[in-house]
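Let's take a walk through the aromatic side chains of this protein. Have the structure open so you can follow along.

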Amino acid sequence: MDGVSTHLPTTDVRDAESRARTDRMRAALLAADFTADGLLELLGAPAYAALARSETVPALRATRGESPLETLVRLFLLQRPEPRARAEAALPVADCLADGWLVQDGDEVRAQVDVRPYGGPEGQDWWVVSDLGCAVGGAGGIRGAGQVDRSALVLGVGGASTTLAGITVPTPVGRALDLGTGSGIQALHASRHATHVTATDLNPRALRIAALTLALSGAAPAELREGSLFEPVGEEKYDLVVSNPPFVISPGARLTYRDGGMGGDDLCRTLVQQAAAHLNDGGYCQLLANWQHVEGEEWTDRVRSWVPRGCDAWVVQREVQDITQYAELWLRDGGDHRTSPEEYAARYDAWLDEFEARGTKAVGFGWITLRKSGADDPSVIVEEWPHPVEQPLGETVVGHFARQDYLRRTDDAALLAGHFRLAGEVVQEQVGLPGAEDPEHVVLRQNRGMRRATKVDTVGAGFAGVCDGSLPAGRILDAIAQLMGEDPVLLRDRTPEAIRMLVEQGFLEPVGTDG
């Protein structure tokens with residue numbers, strides 16, 4: 001590992017001169033508009049999107065000028081050497097050479113790391129540092145690692161990391177833990193609403209890069225600790241734990257950033273099971289995970305068994321791949337498709353042998369959120385939702401658990417005495433044959449958050465439609481019973497279950513009696 005660490009820049013938040021050099025570099029990036037918005041404006045949407053796929057040709061064609069912004073794009077995103085004289089117009093080159101952001105070869109300078117503009121959720125201009133050729137995290141992200149040991153590579157921003165950032169609860173907290181920080185993206189997000197951030201990683205190279213990401217973005221430094229899973233933090237507890245762990249189910253542990261080194265989905269299971277011991281009361285643990293679909297076993301039962309006592313849980317399966325698709329995806333990620341046909345076939349066989357030995361027929365991917373509620377009857381919801389959602393979902397996650405608390409403490413009598421409001425941007429769709437007098441069924445659909453859709457009967461549709469918080473549920477049902485000629489007592493008896501479902505899924509929001 002020491003052999004690769006010399007390729008990284010250095011920054012020391014304890015040293016005034018080092019901080020000043022980093023500040024001057026950040027000011028130069030801002031002055032050149034080397035930001036997410038500036039990059040989009042310069043490249044245009046097609047080239048910008050291609051760059052996110054690690055395709056550089058469109059961006060090269062769009063940066064043939066000599067402006068400071070074009071120079072920075074070629075240096076840090078396209079890894080092209082630039083004449084020092086031209087680089088001087090865009091950067092404090094002496095500072096960048098001193099700290100190792102750049103290295104000089106003759107009259108030219110070149111970047112030591114990828115520095116990628118990244119827009120924060122409130123319009124912040126941030127930059128995420130990663131190894132050269134690894135700016136795009138996830139399958140297919142590696143393009144060229146230079147002299148760096150591939151097992152120690154640190155990837156940048158990918159779909160998984162932005163997904164996790166989007167679902168993370170935004171509530172202000174005292175202590176946050178980013179477990180498996182990588183390039184520091186989750187620690188960067190946590191720095192917005194956590195007083196103290198701890199970031200851990202098994203890869204010491206990742207810790208150094210995370211420190212660079214935080215420093216260059218002007219965020220408060222995190223406490224960095226080396227080690228696996230919760231081992232670096234001992235028995236410490238946190239209000240928020242986030243993790244984009246090395247969840248890939250693979251034969252062996254070739255690449256630290258993705259392969260957990262445990263059999264099957266044991267790493268994700270272990271992380272979930274150990275989380276409760278490191279959460280303060282009311283604290284959240286949020287992570288991305290893979291899990292096996294095993295012959296003769298429901299995947300929902302498998303993941304539900306991971307949830308520790310005293311925790312509510314919400315597990316959402318977003319995607320399922322059969323074992324051949326899954327193996328091919330991660331073989332491409334590791335560059336194995338560029339080896340000889342014989343070597344590729346042997347590695348493909350090794351993946352399938354691993355799955356066959358474990359009885360695995362498919363692999364699921366999704367989100368797991370735990371909340372340490374201490375409830376004797378915890379809410380554990382495990383569901384499949386492969387449909388589009390609206391990010392960010394952090395507030396949706398908070399609302400989900402708040403509704404579980406409400407339903408847990410509210411019996412049917414209290415439910416009928418309660419007041420409800422139809423959630424914002426819920427629409428009603430009637431489905432049936434053209435010209436039919438009555439619809440076959442009615443669908444309520446959310447246009448925000450999870451964007452759920454659910455079928456309801458005539459009573460459910462009518463009830464939801466008049467919920468504005470002004471009347472208790474029981475009185476609304478009595479009015480519906482009168483209109484439909486039904487027995488109001490029987491209607492009150494059979495409707496609470498439907499109301500609970502609409503509340504649980506976020507179509508109805510409980511409100512105070514003051515409206």
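What follows is a short tour of ring contacts in this model, which is a predicted one.

Searching the whole structure turns up eleven aromatic pairs. Start with F34 and F76, whose rings form a tilted pair, with 6.4 Å from centre to centre and 40° between the planes. Look at where the two partners come from: F34 is in the loop between α2 (16–31) and α3 (36–43), while F76 belongs to helix α6 (residues 68–77). They are 42 residues apart, so this pair links distant parts of the chain. Is F34 buried or exposed? With a relative accessibility of 0%, F34 counts as buried. F76 also comes out at 0% relative accessibility, so F76 counts as buried too.

Now jump along the chain to Y406 and F420. Here the geometry is edge-to-face, with the ring centres 6.2 Å apart and 85° between the planes. Y406 sits in helix α16 (residues 394–409) and F420 in strand β16 (residues 419–422), so the contact ties together parts that are 14 residues apart in sequence. As for accessibility, Y406 has a relative value of 12% and F420 one of 1%. The cut-off for buried is under 20%, so both rings belong to buried residues.

Two more spots deserve a click. Which residues make up one aromatic cluster? Pick out Y326, W330, W351 and F355, and you have it. Then go to W385, where the partner is a charge: the charged end of R452 sits over the W385 ring, 5.6 Å from the ring's centre.

How values were computed. Residues numbered from 1 in each chain as written. Predicted model: local features only at pLDDT ≥ 70, side-chain atom pairs only at ≥ 80, totals over all residues. Heavy atoms only, no water. Phe/Tyr/Trp six-rings, centres within 6.5 Å; stacked < 30°, edge-to-face > 60°. Helix = DSSP H or I, 4+ residues; strand = E, 2+ residues; numbered from the N terminus. Buried < 20%, exposed > 50% of the residue type's maximum accessible area, 1.4 Å probe, protein only. Lys NZ or Arg CZ within 6 Å of the ring centre and 35° of its normal.
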